[in-house]
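Hi everyone, thanks for coming. I'd like to take you through one structure today, so have a look at the sequence and the model while I talk.

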Amino acid sequence: MAARLHSFADADALARNLATDIAKHLSDAISARGSASMAVSGGSTPKRLFEDLSAHDLDWSLVTITLVDERFVPADNPRSNHLLVATHLLKNRAAAANFQPLYQNVASALQAAAIATEKTADIGNPFDVVILGMGADGHTASFFPGGNHLARAIDADAPRGVMTMEAEGAGEERLTFTFPSLADARFLVLHIEGDAKKEVLEKAEAGTDVFEMPIRAMLNRAPSTVEIYWAP
Ligand SMILES: O=C1O[C@H](COP(=O)(O)O)[C@@H](O)[C@H](O)[C@H]1O
């Protein structure tokens, strides 16, 4: 629908301000509805944000956190987004939050997606907060260019929930929430850092082909405004 850019002097200022804005949205959700839900991304960008956010004073026991996407790997794998969140977010005051993983200890990613869909059915209708990242190839969540289920994952009519994704640039098989599960978040954030990501964003904004750069699905079609938080 729309996107709005919030620029900060550096990554510290970005993390501090975004953590404050997220904490406010979570607190407002708790005041309004008695609980709050948030889906966060993995990757290298959110560590500082998670550290800052974990220290915020709110009733974390009423907050359920899940992942926007995950690799089909157990939580002790260094590439696990669950491990990242456990190390950098589920600590300090945020140690009291509830966490719902996408990975499940079952034989296939397909089975894990079905279980994760069931287990998250009550928490994201819509999510109070969704924090998206973006890769250099224009992927967001696990909506990868060339992904085997990309068309279904970014379809505005796809069911809410988690599905699988395989793509050349993705490494392990992935689990990802579908576009409709994420795009109507009450606070929908795209968190990116560095000049290279800014250039990727500008390229995405200049075109329309969602299969070339799946982030365009969010930028152009999300029912919620995409709040872009960026620092050089
Ligand atoms: O693969 C992934 O990467 C993106 C972006 O990661 P970054 O390292 O460039 O910050 C991330 O948003 C996604 O959740 C993750 O699975």
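**Around the ligand**

Let me begin at the ligand: one of its oxygen atoms has a backbone N or O atom of G42 3.0 Å away. Keep in mind as we go that this is a predicted model. Side chains take part as well. In R174, a side-chain N or O atom is 2.9 Å from an oxygen atom of the ligand. For K197, the distance from a polar side-chain atom to a ligand oxygen is 2.7 Å. How much of the ligand does the protein bury? On its own the ligand would expose 400 Å², and the protein buries 88% of that. There are 13 residues around the ligand, and those that come nearest are S44, T45, D69, R174 and K197.

Now, K197 takes us to helix α7, since K197 is among the buried residues of that helix. The others there are K198, V200, L201 and A204. Why do these residues fall on the same side of α7? Because the arc they cover around the axis is only 160 degrees. Turn to the other side of α7 and you find A196, E199 and A206 exposed. The cover over the buried residues includes strands β1, β9 and β10, together with helix α8. As a check on the geometry, α7 runs from 195 to 206, and at 1.5 Å a residue its 12 residues should span 16 Å; the end C-alpha atoms are 16 Å apart, so the two agree.

Just past α8, in the loop that leads to β10, sits A222. Its relative accessible area is 1%, so A222 counts as buried. If you want a feel for the distances here, take A222 and D195: they are 27 residues apart along the chain, and their C-alpha atoms are separated by 24 Å.

On to two more helices. A general reminder first: an α-helix has 3.6 residues a turn, so residues three or four places apart point the same way.

Helix α4 covers residues 109-119, and A109 belongs to it. Which residues of α4 are buried? They are A109, A112, A113 and A116. Their arc around the axis is only 100 degrees, so they sit on the same side of α4. L110 and E118, on the other side of α4, are exposed. The partners of the buried residues are strands β7 and β8, which they pack against.

Let me stay with A109 for a moment. Its relative accessibility is 1%, so A109 is buried. Leaving out residues up to four places away in sequence, A109 touches F72, T164, E173 and L175. Then there is M165, which is 56 residues from A109 in sequence while the two C-alpha atoms are 8.9 Å apart.

Helix α3 spans residues 81-88, and its buried residues are N81, L84, V85 and H88. Here the arc is only 95 degrees, which puts them on the same side of α3. Covering them are, among others, helix α2 and strands β2, β3, β4 and β5. At the start of α3, a side-chain oxygen of S80 comes to within 3.1 Å of the backbone nitrogen of H82.

One of those covering strands, β5, holds Q100. Is Q100 buried or exposed? At 17% relative accessibility it is buried, because the cut-off is under 20%. Setting aside neighbours within four places in sequence, Q100 has contacts with I65, T66, L67, K119 and T120.

Last stop: the backbone. Most residues other than glycine have a negative phi, and most peptide bonds are trans. Where do we see something else? N92, in the loop between α3 and β5, has a positive phi of about 50 degrees although it is not a glycine. A141 also has a positive phi, near 45 degrees. You'll find A141 in the loop between β6 and α5, and with a relative accessible area of 5% it is buried. Finally, the peptide bond from N125 to P126 is cis, with omega near 0 degrees. P126 lies in the loop that connects α4 and β6.

That's my tour. Thanks for listening, and I'm happy to go back to any part of it.

Methods
Residues numbered from 1 in each chain as written. Predicted model: local features only at pLDDT ≥ 70, side-chain atom pairs only at ≥ 80, totals over all residues. Heavy atoms only, no water. Helix = DSSP H or I, 4+ residues; strand = E, 2+ residues; numbered from the N terminus. Expected span 1.5 Å × (residues − 1). Buried < 20%, exposed > 50% of the residue type's maximum accessible area, 1.4 Å probe, protein only. Arc of directions from axis to C-beta. Contact = heavy atoms within 4.5 Å. Near = heavy atom within 4 Å. Polar contact = N/O pair within 3.5 Å; in protein donor to acceptor, adjacent residues only side chain to side chain. Areas by Shrake-Rupley, 256 points an atom, 1.4 Å probe, with all protein chains shown as cover.
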